[in-house]
Amino acid sequence: MMFETVGQSSIFLAMMYAGLCVGLLYDGLRMVRRLLAANALVTAFFDLLFWLAAAAVAAVALALRGEGALRFYSLAGCASGMVLYLLGISRVLRAIGQAIVRSYRRAEESPKWQAKLEKQRQLAAEKVARKQEKRKLRQAKPQNSIEGPFKCPIKDANEGSIEGPIKGSRKGSTKNSIKDSIKGSASNP
């Protein structure tokens, strides 16, 4: 039985490219983790996120080039791609990432930045206070009156009167006209 070696080089190169992508992902997540000054829980979350994404990248590369078959040379290609990335371009990208993190931290410590953060905190506190005030006003309203668009209370329907934007009293006019129409139709058969 002869081993097929025809497509192995293209699969190896595709998996090497996937390894480079995994290395780039690793550096990106490392920079975000340092920017956030992550504790152990956040670090564990980012590690889990990295391994899920790395597995997805490798699975997609295998599905597209290797017909889904997991072979030793495909794993070796992925590992060699990641090692080449970490030994090569990773150093340059890490230096750039560290410069970004340092400049962000310096800007964060500047008085201008602190004033901006304090203003945002004040605005957020004012917003919370306004919401609480609205909630208190809603709770203070009497429960038995309903306000329409004209802010006029509507009385109970059993009283037969409506106060609102209409001028003049219409007390009982609708009731009497209905009663008269019923009496009229009952007396004239």
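## Helices and strands

The chain of this predicted model holds 6 helices and 2 strands. Read from the N terminus, its elements follow the order α-α-α-α-α-β-β-α.

## The chain as a whole

Let's look at burial and surface next. Of the 189 residues in the chain, 15% are buried. The chain exposes about 15100 Å², and carbon and sulfur atoms account for 64% of that area.

What share of the contacts between residues at least 6 apart in sequence join residues at least 24 apart? The share is 65%.

## Where H4 meets H5

Now to a pair of helices. Two packed helices are described by the angle between their axes and by the distance between the axes. Helix H4 covers residues 89-109 and helix H5 covers residues 111-140. Their axes are 5 Å apart, and the two helices pack at an angle of about 65 degrees. Because angles of 65 to 115 degrees count as roughly perpendicular, H4 is described as roughly perpendicular to H5.

Which residues make this contact? From H4 come Tyr-104, Ala-107, Glu-108 and Glu-109, while H5 contributes Pro-111, Trp-113 and Gln-114. By class, the residues of the contact divide into 4 nonpolar, 1 polar and 2 charged.

## Arg-30 in helix H1

Helix H1 spans residues 8-35, and Arg-30 is part of it. Is Arg-30 buried or exposed? Its relative accessible area is 12%, and since buried means under 20%, Arg-30 counts as buried.

If neighbours within four places in sequence are set aside, Arg-30 is in contact with Leu-86 and Arg-94. Arg-94 falls within the residue range of helix H4, 89-109.

## Thr-43 in helix H2

Another residue to look at is Thr-43, which lies in helix H2, residues 40-65. With a relative accessible area of 22%, Thr-43 is partly exposed, because that class runs from the 20% limit for buried residues to the 50% limit for exposed ones.

What does Thr-43 touch, leaving aside its neighbours within four places in sequence? The contacts are with Arg-33 and Ala-38. Thr-43 and Arg-33 are 10 residues apart along the chain, and their C-alpha atoms are separated by 6.9 Å. Arg-33 sits within the residue range of helix H1, 8-35.

The side chain of Thr-43 also reaches the backbone oxygen of Asn-39, at 2.8 Å.

Conventions:
Residues are numbered from 1 along each chain as its sequence is written. This is a predicted model: local features need pLDDT of at least 70, side-chain atom pairs count only at pLDDT 80 or more; totals for chains, interfaces and linings use all residues. Side-chain values use heavy atoms; hydrogens and water are left out. Helices (H or I, at least four residues) and strands (E, at least two) are DSSP runs, numbered from the N terminus. Buried means under 20% relative accessible area, exposed over 50%, partly exposed in between (1.4 Å probe, protein chains only). Contact means heavy atoms within 4.5 Å. A polar contact is a pair of N or O atoms within 3.5 Å; within protein, one must be able to donate a hydrogen and the other to accept it, and residues adjacent in sequence count only if both atoms are side-chain atoms. Axes are lines fitted to C-alpha atoms, for helices over the stretch in contact, and angles run from 0 to 180 degrees between N-to-C directions. Angles under 35 degrees count as roughly parallel, over 145 as roughly antiparallel, 65 to 115 as roughly perpendicular and the rest as oblique. Ala, Val, Leu, Ile, Met, Phe, Trp, Tyr, Cys and Pro count as nonpolar, Asp, Glu, Lys and Arg as charged, and the others, Gly among them, as polar. Accessible areas come from the Shrake-Rupley method with a 1.4 Å probe; for residues, only the protein chains shown count as cover.
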